[in-house]
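User: Please take a close look at the ligand site, and then work outward from there. What holds the ligand, and what surrounds that place?

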Amino acid sequence: MTNTVTLTRFIIEQQREWPDASGTFTLLLNNIVTACKQIAHKVNRGQLIGVLGSAGSENVQGEVQKKLDIITHEIMVNQLIWTGHLAGMASEEIDDVITIPAHYPKGKYLVMFDPLDGSSNIDVNLAVGTIFSVLRCREGIEPTLDDFLAKGSEQVCAGFVIYGPSTMLVLTTGQGVNGFTLDQDIGEFMLTHPNMRIPEETSEFAINMSNQRFWEPPVQRYIEECVQGKEGVRGKDFNMRWVASFVADIYRILTRGGVFLYPIDNRDPKKPAKLRIMYEANPMAFIIEQAGGLCTTGCERILDIQPSGIHQRVPVILGSKNEVGRIIAYHQSA
Ligand code: FBP
């Protein structure tokens, strides 16, 4: 099978449907993708270039940073800061928003990113990824925090790159979801998975079971019923998967269906949830909904949430429509 449609061709042909498109978005996306190709190279080389292991520092989340957390953060910033397409950026790895220095032109987009998602898996050679979200912003101005804290429903683009057996890009600009595989020989992402759709039905759930005693009753009930299988009220057996790399769990769900839960829990009242809304939950929610799935906190559609902070955490339940719909109903009847 010869895949001839490159990402650049795909985006340019898509832009032709937007009469007032200036082409800036295509250029911005190309810069993001160039950064991800550089990251793929570092991740793939691993200990050959001494980039595995801890950096011995903590990020704003209080998490011990891996060397690659910092390296990938710097690659994203260095690839985007000079382009003239951005008014600002935000990254999982640093506290404040990243402003564009005065000696570079400013543009009309904001990019938020998790440079290395699933970094707890990097030293054990499991799939990791980069997640990004793009918002429009008032042009040529110094953006305020409010410009960044837009609802997920206002994203113009969301995507992630998974550094796994293949390096793949999954992307939406609000016209469905498409998957591209990096052809290492020519260094181009090729369209290999057009119009990805999530099956509405599934018998596979993903959750970190070790947190079970901290979950709220609706999630306790849902998982209990799945585990009871065909002997229980669901009358069918369920399988479980948990990679602990959001990108990997999401890519599996995009490919064969499933439901992912990182629900609210009462382990630590100061940190009732794990995943960050701006550069994890919102971009994945946009992708999942564009692929025919649902994404909720259990009580609220993720894309309708008014964010209150760049590193705000939210409960995330997403995936195949019928199962997520059942979990929402369990929350409503609780
Ligand atoms: P980061 O690695 O970017 O901090 O992401 C958080 C994450 O690793 C997700 O990728 C994953 O879904 C989740 O945390 C795993 O959590 P846990 O280690 O509690 O199972």
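Analyst:
**The ligand and its surroundings**

The side chain of Tyr262 places an N or O atom 2.6 Å from an oxygen atom of the ligand. The model is predicted, so this distance, like the others here, is computed. Asp114 offers a further polar side-chain atom, 2.8 Å from a ligand oxygen. Glu280 contributes a side-chain N or O atom at 3.1 Å from an oxygen of the ligand. In total, 16 residues surround the ligand. The nearest are Asp114, Asp117, Gly118, Phe246 and Tyr262.

These names can be placed on the fold. Asp114 and Asp117 fall within strand E5, which spans residues 109–117. Tyr262 lies in strand E13, residues 259–262. Phe246 belongs to helix H6. E5, H6 and E13 are the elements that each give two or more residues to the lining of the second largest pocket.

That pocket has a volume of about 380 Å³. Its lining takes in 23 residues. Nearest its centre are Gly118, Ser120, Ala244, Lys274 and Arg276. Gly118 therefore appears on two lists, as one of the residues closest to the ligand and as one of those nearest the pocket centre. E5 supplies the largest share of the lining, three residues. By class, the lining has eight nonpolar, six polar and nine charged residues.

How enclosed is H6 by the rest of the structure? Nine of its eleven residues are buried, so the helix is largely enclosed. The buried set runs through Phe246, Val247, Ala248, Asp249, Ile250, Tyr251, Arg252, Ile253 and Leu254. That set includes charged side chains, Asp249 and Arg252. After H6 comes Gly257, with a positive phi near 85 degrees.

Ahead of H6 sits Ala244, in the loop that joins strand E12 (239–240) to the helix. Most residues other than glycine have a negative phi. Ala244 departs from that, with a positive phi of about 65 degrees. Ala244 counts as partly exposed, because its relative accessibility is 34%. It is also one of the residues nearest the centre of the second largest pocket.

On the far side of E5, the chain enters a loop leading to strand E6 (128–136), and Asn125 is found there. Asn125 is another non-glycine residue with a positive phi, near 60 degrees. Asn125 counts as exposed, because its relative accessibility is 70%.

Two side-chain contacts come next. Lys66 is part of strand E2, residues 64–66. Its side chain makes a polar contact with that of Asp123, at 3.0 Å. Lys66 has a relative accessibility of 19%, so it counts as buried, under the 20% cut-off. The second contact involves E6, where Ser133 has its place. The side chains of Ser133 and Gln155 make a polar contact at 2.8 Å. Ser133 is buried, because its relative accessibility is 2%.

Now for the largest pocket. Its volume is about 470 Å³. Of its 21 lining residues, Ala40, Val43, Asn44, Tyr163 and Gly164 are closest to the centre. Helix H2 (residues 24–45) gives the largest share of the lining, six residues. Ala40, Val43 and Asn44 fall within that helix span. An α-helix has 3.6 residues a turn, so residues three or four places apart point the same way. The class make-up is ten nonpolar, nine polar and two charged residues. The second largest pocket, by contrast, has nine charged residues in its lining.

One last check concerns cysteines. The whole structure contains zero disulfides. Why is Cys226 unpaired? The closest cysteine sulfur, in Cys295, is 17 Å from its own, too far for a bond. Cys226 is buried, at 1% relative accessible area. Cys299 is in no disulfide either, and its nearest cysteine sulfur, that of Cys295, is 13 Å away. Cys299 is exposed, with a relative accessibility of 67%.

Back at the ligand, the picture is this. Tyr262, Asp114 and Glu280 each bring a polar side-chain atom to a ligand oxygen. E5, H6 and E13 line the second largest pocket, and H6 is largely enclosed by the rest of the structure.

Methods
Residues are numbered from 1 along each chain as its sequence is written. This is a predicted model: local features need pLDDT of at least 70, side-chain atom pairs count only at pLDDT 80 or more; totals for chains, interfaces and linings use all residues. Side-chain values use heavy atoms; hydrogens and water are left out. On a 1 Å grid over the protein atoms alone, a cavity is a set of points where a 1.4 Å probe fits but cannot get out, and a pocket is an open set with protein on both sides within 12 Å along at least five of seven lines; lining residues have an atom within 4 Å of a point. Grid points are joined across faces, edges and corners, and a volume is the space filled by probe spheres set on the points. Helices (H or I, at least four residues) and strands (E, at least two) are DSSP runs, numbered from the N terminus. A disulfide is a pair of cysteine sulfur atoms within 2.5 Å. Buried means under 20% relative accessible area, exposed over 50%, partly exposed in between (1.4 Å probe, protein chains only). A residue is near a molecule or strand if one of its heavy atoms lies within 4 Å of it. A polar contact is a pair of N or O atoms within 3.5 Å; within protein, one must be able to donate a hydrogen and the other to accept it, and residues adjacent in sequence count only if both atoms are side-chain atoms.
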